[in-house]
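Work through the exercises below with the coordinates open. Each task is followed by its solution.

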Amino acid sequence: MTRRLRTGFQLSLLLVGVAWAQELVDQLLFGGRWNLPMLPAAAGGSLLGVFTAPFSHSGFGHLLSNTLLFLPLSWLVLAKGRRDYLAVWIGVYATAIPVWLLWPNGSHGLSGVVYGLLGYLMVIGFLEKHPLSLLLSVFCLVTWGGILPSLLPFASPPGVSWIGHVAGFAGGVLAAFAIHREPAGRPSR
């Protein structure tokens with residue numbers, strides 16, 4: 001268990017390190033103009049942007065705020081399992097594709113993944129009905145539930161991609177439904 005927790009933290013650091021490396025290169029070599037956002041398909045944005053957008057930010061402040069949320073949430077999902085973590089990333093990317101295809105504005109940053117991790121963690125305990133998983137869901141709701149209003153368009157500051165947050169959250173919830181395990185000894189429906 002200790003090894004899994006340590007490995008999970010290292011993987012979380014590695015992924016956020018990619019975002020920090022991109023931002024350092026962007027700021028030092030390109031003056032903040034080398035972003036890898038998800039631009040709308042209608043505006044000629046490539047599908048590649050869907051995959052690079054989480055690692056691209058509008059500056060160190062944007063990246064720092066995402067990092068502070070990403071690290072603990074990422075680690076908590078990895079503590080449940082790598083399969084769970086992979087499911088969240090797949091869910092987030094899957095729900096980003098309709099945004100790329102249909103939404104008129106571009107977006108970038110780890111916040112879509114942050115909301116995906118949070119959506120997964122808030123729902124998985126209620127699906128599994130295991131005491132520790134349920135406790136984890138309640139803990140996440142109490143600890144990070146204050147950011148949920150930014151899923152609403154009227155509660156998001158101008159320039160913040162609330163639709164990216166909603167899509168990420170939906171991807172995490174979908175991952176929870178796809179990956180949850182029935183408690184042992186209980187027949188599945």
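The exercises go from the whole chain to one residue.

The model is predicted: local features need pLDDT of at least 70, side-chain atom pairs count only at pLDDT 80 or more, and totals for chains, interfaces and linings use all residues. Residues are numbered from 1 along each chain as its sequence is written, and side-chain values use heavy atoms, with hydrogens and water left out.

**Exercise 1.** State how many helices and strands the chain has.

Solution. Take helices (H or I, at least four residues) and strands (E, at least two) as DSSP runs, numbered from the N terminus. The chain then has 7 helices and 0 strands. In sequence order the pattern is α-α-α-α-α-α-α.

**Exercise 2.** Test the radius of gyration of the chain against the value for a compact globule.

Solution. The radius is taken over C-alpha atoms, and the globule rule is 2.2 Å times the number of residues to the power 0.38. For 189 residues the rule gives a value near 16 Å; the chain has 17 Å, which agrees. Along the principal axes, the C-alpha trace spans about 55 × 35 × 30 Å.

**Exercise 3.** Decide whether glutamine 22 is buried or exposed, and list the residues that it touches.

Solution. Glutamine 22 is found in helix H1 (residues 2-30). Buried means under 20% relative accessible area, exposed over 50%, partly exposed in between (1.4 Å probe, protein chains only). Glutamine 22 has 6%, so this residue is buried. Next, apply the contact criterion, heavy atoms within 4.5 Å. Not counting residues up to four places away in sequence, glutamine 22 touches Trp34, Asn35, Leu36, Phe55, Ser56 and His57.
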